[in-house]
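Please open the structure in your viewer and keep the selection panel at hand. The tour below moves from stop to stop, saying what to select and what is found there.

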Amino acid sequence: MGVLVMLAMLLLGAPVARADDRPMNVVLVIIDDLGWADISPNQPETFYRTPRFERLAAEGVNFRRAYAASPVCSPARVSIITGADPARLQTTEWFGSGPARSERMLSADRINWLPNHVPTIAERLGPLGYATSYVGKWHLGGARRHLPPARGFDHVVAAGRQGNPGRDGYFAPYNGFIGLEAPPGEHLPERLTSETISFIRSSHADGPFLAVLSYYHVHTPLAGREDLVTNYHKRAERFDPAAPRFADEEQVWDRAEPRRVRVVQDHPVYAAMVEAVDEQLGRLLDALENMGLEENTVVFVVSDNGGLSTAEGSPTSNLPLRGGKGWLYEGGLRVPLLVRWPGVTEGGPESDTPVHTHDVFASVLDAAGLEAEGTSGVSLRLSMRDRRRDRELFFHYPHYSNQGGFPGGVLIDGDWKLVRRYEDGSLNLYNVRRDPGESTDLAATERRRAQRMARRLDRWLIETGAFPLSARPDGPAPWTPRSDP
């Protein structure tokens, strides 16, 4: 570490790593729309082949009760990249979403960019001498001042304003949307992985590095490699073609028909996309091993929300969890999270402690030797040491989702999950350890517990300023949290 860099850090008040105690390198992999049940460490009967996820789970810790900050992408990505709660920033819907549809009530106001006063991972680690890279999907604001180069990332590839690659965008020439020159037919996840490996190879000798690899997979539009798609068509032949693929979810507010939810994983193209990501994860892990970086690099792999099961072709099923992307049920909020942290994750491959995507940011800071002050998360190091430690997790999604979900808030307290519906304030209570499919509402039989949790959730909503909905001129008044719960 150069003298000028050390002097600059002292002037900024940043901690300086000792020469014999170099901070850990960090690799953060974010996968778009990957469902909790899409990987075999969580669902051994999954239709999709994910042996590299199995490898990472065996070498690290699989957090089986990890929750995204939101059932849709941008708010969860705010949580991962900054550790901030989207409810506090008014970043509660996916960025670029249009006005609320003509429901009986209006979704809450929100902003469509990551506020510049909230520091990113790169802006926290850069002053410590970290080389920083962001490759792939950003979706945290499209204006130049909101893109990764303006948010502390030195090396940036394919991280523009778009949230998905568009039609035919998963294969070169990529429709020009990410500005990459490539031979025709090149596969986007392979290219993004190669760019990340190249960054690591060129930077690791000079100091610690932060490499964020954010796949556009497995987001729609669906497109898979032909060889993998063919293989999965053959695998799908084992399913009874007459068996139902969908079931009714529920009628939400004044919608005329229930939303349909997929209950079988058998979509060959989606399956090919999942396996393609698994392959690239293996390439990345192999590269770290070949460069001798396994023992001083922390690897995080996380999805930004649950699997897509109720809209846009409904390509996956999240069973045994209920619902999917855009819903406050477990299928929308519970996500894959695997961590390999040398010196920390040895001793067991699974944790059932409820954890949050805020905790990824706090853990990155911890790995770099920083305190997670001013964030909404805690380091996953604590959860690894005490895997039964209970904590309260809060969620606020005041919108009608594209996928059919309702606006509401959630409190998770250990095995218990309370859902507050913002249209009328009604409560649903589930024990998600015994009932991960949220099929039995216990709000009536566990009335005192439900009311206690409701008061805590209401206090949190008031404290964060996260007021839910607005009335239309001729519509009913929506529920709002009490000022003296």
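Helices, such as the α9 named at the next stop, and strands, such as β10, are DSSP runs of at least four and at least two residues respectively, numbered from the N terminus. The model you are looking at is predicted.

**A loop arginine**

Begin by selecting R322, which you will find in the loop that runs between β10 (297–303) and α9 (330–333). Is R322 buried or exposed? Its relative accessible area is 19%, and because buried means under 20%, R322 is counted as buried. If you then display the surroundings of R322, leaving out residues up to four places away in sequence, you should see that it touches E249, E250, Y329, E330, G331, G332, Y430, P436, G437 and E438. With E438 there is also a polar contact, in which the side chain of R322 reaches the backbone oxygen of E438 at 2.9 Å.

Stay in this loop between β10 and α9 and move the selection to S314, which lies there too. The phi angle of S314 is near 45°, a positive value in a residue other than glycine. With a relative accessibility of 6%, S314 counts as buried.

**A serine and its backbone partner**

Next, select S107, placed in the loop between β4 (105–106) and α5 (121–125). S107 counts as buried, at 9% relative accessibility. Add Y400 to the selection, and you can follow the side chain of S107 to the backbone nitrogen of Y400, which it reaches at 3.4 Å.

**A helix enclosed by the rest**

Now select helix α3, residues 73–82, where 10 of the 10 residues are buried, so that the helix is largely enclosed by the rest of the structure. Among these buried residues of α3 are C73, P75, R77, V78 and I81. Continue to G83, which follows α3 and has a positive phi, near 75°.

**Two helices against α8**

For the next stop, show helix α8 (residues 268–290) together with helix α6 (residues 188–203), and look along their axes, which are 10 Å apart and make an angle of about 15°. The two helices, α6 and α8, are therefore roughly parallel to each other. The crossing in which α6 passes α8 is right-handed. To see which side chains to colour, take P189, E190, T193, S194, T196, I197 and I200 from α6 and Q280, R283, L284, A287 and L288 from α8, since these residues make the contact. By class, the residues of this contact between α6 and α8 are six nonpolar, four polar and two charged.

Keep α8 on display and bring in helix α2 (residues 51–59), whose axis comes within 7 Å of that of α8 and crosses it at roughly 45°. These two helices, α2 and α8, are therefore oblique to each other. On the α2 side, the contact is made by P51, R52, F53, R55 and L56, and on the α8 side by V277, D278, E279, L281, G282, L285, D286 and E289. Sorted by class, the contact of α2 with α8 has six nonpolar, one polar and six charged residues.

**A phenylalanine at the start of a strand range**

Select F209 next, in strand β7, which covers residues 209–214. At 0% relative accessibility, F209 counts as buried. Setting aside neighbours within four places in sequence, you will find F209 in contact with N25, V26, V27, Y130, A131, F199, I200, S203, H204, L293 and T297. One of these partners, I200, was also among the α6 residues that make the contact with α8. If you would like a distance to draw across the model, take F209 and Q90, which are 119 residues apart in sequence and 31 Å apart in space, from C-alpha to C-alpha.

**Backbone details to finish**

What kind of peptide bond joins A172 and P173? It is a cis bond, with omega of about 20°, and P173 lies in the loop between β6 (155–157) and α6. In the loop between β6 and α6 you can also select A158, which has a positive phi of about 60° although it is not a glycine. A158 is buried, having a relative accessible area of 8%.

For the last selection, go to H217 and V218, where the peptide bond from H217 to V218 is cis and omega is near 0°. The place of V218 is in the loop between β7 and α7 (226–236).

Key: Residues numbered from 1 in each chain as written. Predicted model: local features only at pLDDT ≥ 70, side-chain atom pairs only at ≥ 80, totals over all residues. Heavy atoms only, no water. Axes fitted to C-alpha atoms, helices over the stretch in contact; angles between N-to-C directions. Parallel < 35°, antiparallel > 145°, perpendicular 65-115°, else oblique. Left-handed = near helix turned anticlockwise from the far one by under 90°. Contact = heavy atoms within 4.5 Å. Nonpolar A, V, L, I, M, F, W, Y, C, P; charged D, E, K, R; others polar. Buried < 20%, exposed > 50% of the residue type's maximum accessible area, 1.4 Å probe, protein only. Polar contact = N/O pair within 3.5 Å; in protein donor to acceptor, adjacent residues only side chain to side chain.
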